[in-house]
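User: I would like to learn how to read a structural model with some care, going from its larger parts down to a single residue. Could you take me through it step by step?

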Amino acid sequence: MTLRIFIARDAGAVAVGADDVALAFEQAAAARGTPLEIVRTGSRGLYWLEPMVELATAQGRVAFGPISPADVPSLLDAMAGSGQHALRLGVTDEIPWLKRQTRLTFARCGVIDPRSVDDYRAHGGYKGLERALTLTSDQILADVTTSGLRGRGGAGFPTGIKWKTVAQASADRKYIVCNADEGDSGTFADRMIMEGDPFVVIEGMTIAGITVGATKGYIYIRSEYPHAVEAMNAAIVAARRAGVLGKRIGGSAHEFDLEVRVGAGAYVCGEETSLLESLEGRRGIVRAKPPLPAHKGLFGRPSVINNVLSFAAIPFILDNGAKAYADFGMGRSRGTMPIQLAGNIKYGGLFETAFGVTLGELVDEIGGGTFTGREVRAVQVGGPLGAYFPRALFDTPFDYEAFAARDGLIGHGGIVVFDDSVDMAKQARFAMEFCAVESCGKCTPCRIGSTRGVETINKIINGERVAENLAVVEDLCNTMKFGSLCALGGFTPYPVMSALKHFREDFGGDLGPAPAHLQAAE
Amino acid sequence: MSVGYEAWDKARGAEIIAEHAGLEGATLVMLHALQEAFGYVPEPAIPMVAEALNLSRAEVHGVFTFYHDFRKQPAGRHVLKLCRAEACQAAGGDRLAARAEARLGVALGNTTADDRVTLEPIYCLGLCATAPSAMLDGRVVGRLDEARIDALVAEAQR
């Protein structure tokens, strides 16, 4: 009997040795004459267990991990024999960390072969598109709107409204643009889904195309993600061959095709208008809005521009209905959020769950605290532009509005955990430094404010006229927040001000208590 | 001069540019393709891209200098990129970066005197759950510790 095993080809798994493990399996099986089939999948997202190997059994897939090449001979013995092994984790779907999740968008990630349309279909893929092809544009728009889906890139704008605006615009051509410039540290969900289930992104974009009347789409992927670029390109070729991209999609009269474009290391290109400039072949300089990209987007044409995860949520909504999606979540945050647990965390990875779970549950229970074993001191939520939260705010539910009410943001769902060795003054300075390096330079608050911010925080760290310089930083932050053209300059104050507010003791000198307007709102 | 790259040749450059001339907004695509072939974007290629796209030389130069990825000159034989973003900072990345700098005798952003290794910062490889992470000539490595960073540096120096 041929043993069928699954090993991730996800960059996160490869970075900790998944390729070496796959090679060791091939060699050991060949040497013994054991018939073995290795399927390279995406990652399940349980990164502390990578490289993880799963074996197909009558009870379902059984996982082993983390595996090193040295474990392979004994694992092969176990797989061919009793199945018992010290690294056996049990039936994968029963692993509590996975079982506790609600995987709507990531249902297939780590399960299927990301190069195979057939495997995608066998796991429910392309049912959303099939249904969409039987509906009118208005009916699809109604579904997307009713689902409550909001842009998963960070801004949280209702996807249905964006699509409707483009659908109603008239133009000689329209575009669908997928923002895969996932530059926020602590986020990797876009990368995972592109590597592990690229067809769900393609299907979502195709549905967007037929809804608004666009025949061409671009996926703008950052150059730091070569594995994702390769996976998306391979999937596009496979989808064309299967007749679900190109002319006469699924036998219908609709036409839609896709092209991958690769970024060139500019963080600001994750901002949608800067991304459009970059796609057009120019410097990634932010555009003033209006006009909105929905009216005048790529090459001046009406364009839907959404994050990878927003497109990836669409097939589920079309297949299972808007209500099935909207039934999850809280308040105005409907559905699920693929949350990414990162940094100094014991159980790091991808945790998709309904909105409403608290920050404390995510960090302490699910994440297991730090891997250094020290106390969690600060948690940055939402990338380099997100606020640092202290333990006192761990009761904040994961919800767009709840985070905003506490001067933070959920952004793209990344959570970076820091232990008590962190120097928050240094983190605040880094936020300003990063903004200074990555600023596109168009607006003054961002371009100049960030540089002055670095200088002034340095003075504070050096103990120079601390109170006066703190007032300067606050003033700079206000100017950046309210005067910048986009979120880079506009949100850099979040990490800076939250560090000042919640971790004041790190800024040297005897600062006394924070002034009233800076005191935590809780 | 990095191994595996072609030496600059105007006819070859023109051929690469022509391959992509039919695409919408092709500037970045052409610059990427040139760098992939030659290891950097040779200065004489800039006006050639401009001409192919009916842009001014200044516009293409502006694009070339805006993006961190494009190189004015060849990198060292090996390129070691260390992630310096927050998730890797939280996992001890600062200390490891300092260690790599000390071992190689160059600061981040520089190439060793023998042209063997270019050490660069990178802001997020998306390997934040297996931090700290790095990339050596396109190969990703996670869960770095002192032993692993030393091994990577040694490999890059070979």
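Analyst: Let us begin with the domains, bearing in mind that this is a predicted model. Where domain 2 of chain A meets domain 3 of chain A, 20 residues of domain 2 are in contact with 19 residues of domain 3. On the domain 2 side, the elements that give two or more residues are helix H9 (189-196), helix H13 (308-320) and helix H14 (322-326) of chain A, and the residues of that side divide into 8 nonpolar, 8 polar and 4 charged.

User: Which residue ranges does the domain assignment give for chain A?

Analyst: The assignment gives domain 1 (3-99), domain 2 (117-326), domain 3 (329-419) and domain 4 (424-518). Taken over C-alpha atoms, the centres of domain 2 and domain 3 of chain A are separated by 26 Å.

User: How should I read a sheet, and in what order do the strands of the open sheet in chain A lie?

Analyst: In general, strands of a sheet pair through backbone hydrogen bonds, either parallel or antiparallel. Here 4 strands of chain A form an open sheet in the order S8-S7-S6-S9, with parallel pairing. Strand S8 (257-262) and strand S9 (303-307) are the edge strands, each pairing on one side only, and the twist from one strand to the next averages 20 degrees. Strand S6 (residues 175-180) is joined to S9(A) by 5 bridges, and A:Tyr175 has A:Ser303 in S9(A) as its bridge partner. Helix H10 (residues 198-212) of chain A lies across S6, S7, S8 and S9, running at about 150 degrees to S6(A).

User: How many residues does each chain bring to the contact between chain A and chain B?

Analyst: The size of an interface is often given as the accessible area lost when the parts come together. Counted in residues, this contact takes 41 from chain A and 34 from chain B. On the side of chain A, the largest share, 4 residues, comes from S12(A), while the residues of that side divide into 20 nonpolar, 15 polar and 6 charged.

User: Why is A:Thr358 classed as partly exposed?

Analyst: The class follows from a count of neighbours: A:Thr358 has 17 other C-beta atoms within 10 Å, and is therefore partly exposed, since a buried residue would need 20 or more and an exposed one 12 or fewer. A:Thr358 is found in the loop between strand S13 (349-354) and helix H15 (359-366) of chain A. Leaving aside residues up to four places away in sequence, A:Thr358 touches A:Phe394, A:Asp395, A:Thr396 and A:Pro397.

Conventions
Residues numbered from 1 in each chain as written. Chains lettered and ligands numbered in written order. Predicted model: local features only at pLDDT ≥ 70, side-chain atom pairs only at ≥ 80, totals over all residues. Contact = placed C-beta atoms within 7 Å. Pairing = 2+ DSSP bridges. Axes fitted to C-alpha atoms, helices over the stretch in contact; angles between N-to-C directions. Domains from an automatic or database assignment. Nonpolar A, V, L, I, M, F, W, Y, C, P; charged D, E, K, R; others polar.
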